[in-house]
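Please look over the sequence and the structure shown below before reading on. The report that follows works through selected parts of the fold in turn.

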Amino acid sequence: MINLKPQGLTVSLIFEAMSLNYGEGVGNISELKKLSRSGEFLSYESRQALRYDVYRMLKEQFGIDSDREDPLTAEQDVVQFKSEANIRDYIEADLFGYMKTAKSKSSLTRPAVVRITPAISLEPMLSDIEFGTNLNFAQRTGANPNPFQFEHHLSLYSYTVTIELDRVGEDPNDVISIEPEEKARRVNMVLDVLKVLNRNIKGRTENLNPLFAIGGVYNVKNPFFMGRLRVRYNRETRKHILETPIIESALEMSFGGENIKDRTHIGIVKGFWENEEEIRKLVSEGNYHNINDFLRP
């Protein structure tokens with residue numbers, strides 16, 4: 001197989017943040033969402049929360065769908081898109097998919113075109129707990145303070161975004177095909193948002209801007225670098241090291257007559273990584289960028 005049409009864009013990113021996603025909690029204790037692996041706990045921001053943050057910033061920065069009624073309804077005892085909502089009118093439905101049901105008809109579904117994995121910490125949790133009270137409010141009202149405890153985790157996190165380029169702006173359910181320029185605009189907006197992504201949580205705004213990114217446009221829809229990003233910490237230099245051998249192995253793959261390495265680009269924030277020169281050698285000079293240029297449409 002040769003000369004396949006590019007179908008998938010995938011990018012895996014690393015950012016640094018603290019305490020991104022809390023679960024239901026017990027009493028006055030707020031617990032982070034976490035996974036266990038090899039005897040350690042890793043905190044994470046769920047796929048749904050990341051999808052919300054990307055959508056929120058698409059609305060804030062680009063005003064997508066802001067001039068229209070909300071496309072959701074709960075009329076049939078389940079929250080879903082209105083039957084008349086379509087991907088031409090609603091960018092959210094195009095990028096993130098939908099389910100909608102018309103009366104006396106079976107439901108129509110559109111799987112997400114922009115697929116986002118959970119952002120999982122690359123460093124283990126160490127049970128850091130914040131104890132606090134609303135002391136000022138209590139003193140001002142003459143009431144007893146209400147104690148609370150927050151679980152915290154400051155770490156590097158990684159997640160992967162994969163975009164099915166051949167499905168953007170195409171919906172056989174409603175027989176809609178959007179103009180190529182509009183398709184490109186929608187993809188470019190997502191890339192722009194990833195560059196400045198942030199999250200509002202517990203009165204904080206956490207910076208989810210990437211410190212490292214790797215990916216490209218390929219002739220197969222595959223998240224090549226998902227689960228391939230590992231880090232370690234040098235206590236003497238107080239800098240992080242990105243493990244490059246596992247990335248090199250992924251870059252050695254080929255598909256459809258094309259080498260993955262030739263299509264792969266890397267973006268970094270200079271000065272953060274101890275092994276910056278080692279990272280630079282993973283790809284050709286022309287495919288090595290700062291983060292801004294990596295995510296430039």
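## Strands 11 and 12 and their sheet

In this predicted model, threonine 133 stands opposite proline 147 in strand 12. That pair belongs to a longer run of pairing, in which strand 11 and strand 12 (residues 147–152) are joined in the antiparallel sense over six bridges.

The two strands are part of an open sheet of three strands, whose order is 2-12-11 and whose pairing is mixed. At the edges lie strand 2 (29–30) and strand 11 (128–133), each of which pairs on one side only. As a general point for reading such a sheet, the side chains of a regular strand alternate between the two faces of the sheet.

## The hairpin of strands 16 and 17

Strand 16 (residues 198–201) and strand 17 (residues 204–207) run antiparallel and are joined by four bridges. Isoleucine 201 has arginine 204 of strand 17 as its bridge partner. Strands 16 and 17 form a hairpin with two residues between them, and in the turn lysine 202 has a positive phi of about 50 degrees.

## Helix 1

The 16 residues of helix 1 should span 22 Å at 1.5 Å a residue, and the C-alpha atoms at its ends are 22 Å apart, so the expected and modelled lengths agree. The buried residues of helix 1 are Ala49, Leu50, Asp53, Val54, Tyr55, Arg56, Met57 and Leu58. Just after the helix, glycine 63 takes a positive phi of about 65 degrees.

## Where helix 1 meets helix 4

The axes of helix 1 (residues 47–62) and helix 4 (residues 180–195) come within 10 Å of each other and cross at roughly 105 degrees. Because angles of 65 to 115 degrees count as roughly perpendicular, helix 1 and helix 4 are described as roughly perpendicular to each other. On the side of helix 1 the contact is made by Val54, Met57, Leu58 and Phe62, and on the side of helix 4 by Met189, Val190, Asp192, Val193 and Leu194. These contact residues divide into eight nonpolar, no polar and one charged. Val54, Met57 and Leu58, which take part in the contact, are also among the buried residues of helix 1.

## The chain as a whole

The protein chain holds eight helices and 24 strands, and its C-alpha trace spans about 70 × 60 × 35 Å along the principal axes. Of the 297 residues in the chain, 46% are buried. Among contacts between residues at least 6 apart in sequence, 67% join residues at least 24 apart.

Note on methods
Residues numbered from 1 in each chain as written. Predicted model: local features only at pLDDT ≥ 70, side-chain atom pairs only at ≥ 80, totals over all residues. Heavy atoms only, no water. Axes fitted to C-alpha atoms, helices over the stretch in contact; angles between N-to-C directions. Parallel < 35°, antiparallel > 145°, perpendicular 65-115°, else oblique. Contact = heavy atoms within 4.5 Å. Nonpolar A, V, L, I, M, F, W, Y, C, P; charged D, E, K, R; others polar. Pairing = 2+ DSSP bridges. Expected span 1.5 Å × (residues − 1). Buried < 20%, exposed > 50% of the residue type's maximum accessible area, 1.4 Å probe, protein only.
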